[in-house]
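This is a walk through one protein structure, beginning at its metal sites and moving on to its charged side chains. Please keep the structure in view while reading.

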Amino acid sequence: MSDSFVVEKTSILAKYLQLDQRGSIIAEYIWIDGTGSIRSKGRTLKKRITSIDELPEWNFDGSSTNQALGHDSDVYLKPVAFYPDPFRRGDNIIVLAECWNNDGTPNKFNHRHEAEKIFNAHKKSEIWFGLEQEYTLLDQYDNIYAWPKGGYPAPQGPYYCGVGCGKVYARDVIEAHYRACLYSGITLSGINAEVMPSQWEFQVGPCTGIKMGDELWVARYILERVAEEFGVKITLHPKPLKGDWNGAGCHTNVSTVEMRKPGGMKYIEDAISKLSTRHDAHIKLYGTDNDLRLTGRHETASISQFSSGVANRGASIRIPRSVSKEGYGYFEDRRPASNIDPYLVTGIMCETVCGAVEGADMVKEFERESN
Ligand code: ADP
Ligand code: MN
Ligand code: MN
Ligand code: MN
């Protein structure tokens, strides 16, 4: 591993991981902070957990995570899902938590709560998502991982799904992440190396409703933890490098129960027509700095214009060729950036495709962040 900055001696740690925990388990609570990063802290519980209501609420100092002011700094962690912990193993778990304020309102960055209202109102639509998380590896100096010092690798071409020395970097990190996600029960459907060297993608899905955001956040957490051990940084910036290098997105694949049945194309077309009337609203929620990525080049559509097409990777919405042939299936929204909050994106998608829900509004929900 050239240029890696390994600070953890995991081989020494290995023998401690085998020690008997004497009936206690460790629950690592994870949450989303005020900058779109993940935070976590661990606690001991006296018994194995078999259902979500056995997990205690907890809290943290929100003034240290951009989530609260110093004079009223307690933010509450409400467990919403738990997963086997691939790092500690055994009965130890990762606990995904929503953030709540002292006054009983959801924290500004808790977009899960609003999205869940929309999914609950549209249970009958059985909305499925598949997210393609693209990301880029950096070394400790924030240079693109394993690129020549002070220079550039050969232009894009051999790297996408690349095989062989000089065409693909850090397969070890990616493989470790894949295995760890499967261990935790994440619906990881695949991985591939991307167009820019040291850029990768993993796909999570199909997942129903709120589970999509949950699983993507946990898969991101696992990626950060694995990369931490390898001494590699992860960036979700949508355009880590200006110039003739692809940006990073989070393509959002969508279907409802009607779209998945023969004749479903009618519903797919209907959804696309609804999406065409809300382009600006969606773009708002589709990630920061996405304007640097959605230029109309490098397999993207322009940020200012909605478009759609069969097998068209330069359109906002693509209908896969196979779906068009069969006449049913799903569609792909190619606009979301790699740094999205998946709760915002899946939430507004359900709102637009399945219909507005009284008492919920994803654009307003997003705007709470800046209030
Ligand atoms: P691409 O050809 O755009 O690179 P990928 O194979 O990377 O596509 O990702 C496709 C994603 O779509 C996967 O996450 C997969 O689980 C998801 N998917 C497949 N079928 C459906 C469906 N019916 N509804 C929603 N998502 C789906
Ligand atoms: Mn893909
Ligand atoms: Mn991709
Ligand atoms: Mn795609």
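Are E132 and E332 buried or exposed? Both residues are buried. The model is a predicted one, and these two residues are a convenient place to start, since both take part in holding a metal.

That metal is the manganese ion (ligand 4), whose coordination comes from E132 (OE), E132 (OE), H251 (ND1) and E332 (OE), at 2.0 to 2.5 Å. Along the chain, the donors of this ion follow the spacing E-x118-H-x80-E. E132 belongs to strand β6 (residues 128-138) and E332 to strand β13 (residues 331-333), so this pair ties together parts that are 200 residues apart in sequence.

E132 also leads to a second metal. It coordinates both the manganese ion (ligand 4) and the manganese ion (ligand 2), and these two ions are 3.9 Å apart. For the manganese ion (ligand 2), the protein donors are E132 (OE) and E201 (OE), lying 2.2 Å from the ion. Here strand β6 supplies E132 and strand β8 supplies E201, so the pair ties together parts that are 69 residues apart in sequence. E132 and E201 are both buried; for E201 the relative accessibility is 5%, and it counts as buried because the cut-off is under 20%.

From E201 the path continues to a third metal. E201 bridges the manganese ion (ligand 2) and the manganese ion (ligand 3), which are 3.8 Å apart. The manganese ion (ligand 3) has as protein donors E134 (OE), E194 (OE) and E201 (OE), at 2.1 to 2.2 Å. The spacing of these donor residues in sequence is E-x59-E-x6-E. E134 lies in strand β6 and E201 in strand β8 (residues 199-208), so they tie together parts that are 67 residues apart in sequence. E134 has a relative accessibility of 8% and counts as buried.

The next topic is the pairing of charges. Side chains of opposite charge can pair when their charged atoms come close. The structure holds 20 salt bridges. E332, already met as a donor to the manganese ion (ligand 4), also forms a salt bridge with R318, with the closest N and O atoms 2.6 Å apart. R318 is in strand β12 (residues 317-319) and E332 in strand β13, so this pair ties together parts that are 14 residues apart in sequence. R318 counts as buried at 11% relative accessibility, and E332 is buried with a relative accessible area of 0%. The side chain of E332 also meets that of R334 in a salt bridge of 3.1 Å, N to O. R334 is buried, as is E332. Elsewhere, salt bridges that share partners join E98, R112, E116 and D214 into one network.

A salt bridge in another setting is the one between D270 and K274, whose closest N and O atoms are 3.7 Å apart. The two residues are four apart in helix α5 (residues 265-276), which means that about one helical turn separates them. D270 is partly exposed, at a relative accessible area of 36%, and K274 is partly exposed as well, at 31%.

The last stop is on the surface. Which residues gather there in a patch of negative charge? They are D61, D72, D74 and D103. Of these, D61 is found in strand β3 (residues 58-61). With a relative accessible area of 35%, D61 is partly exposed.

How values were computed: Residues are numbered from 1 along each chain as its sequence is written. Chains are lettered from A and ligands numbered from 1 in the order in which they are written. This is a predicted model: local features need pLDDT of at least 70, side-chain atom pairs count only at pLDDT 80 or more; totals for chains, interfaces and linings use all residues. Side-chain values use heavy atoms; hydrogens and water are left out. Patches are made of residues with over 30% relative accessible area and no salt bridge: like charges are joined within 9 Å, nonpolar side chains (Val, Leu, Ile, Met, Phe, Trp, Tyr) within 5 Å. Accessible areas come from the Shrake-Rupley method with a 1.4 Å probe; for residues, only the protein chains shown count as cover. A salt bridge is a side-chain nitrogen of Lys or Arg within 4 Å of a carboxyl oxygen of Asp or Glu. Lys and Arg count as positive and Asp and Glu as negative; His and the chain ends are not counted. The place of a charge is taken as NZ of Lys, CZ of Arg, CG of Asp or CD of Glu. Buried means under 20% relative accessible area, exposed over 50%, partly exposed in between (1.4 Å probe, protein chains only). Donors are N, O and S atoms within 2.8 Å of the metal (3.2 Å for Na, K and Ca); water is not among the atoms, so sites may look incomplete.
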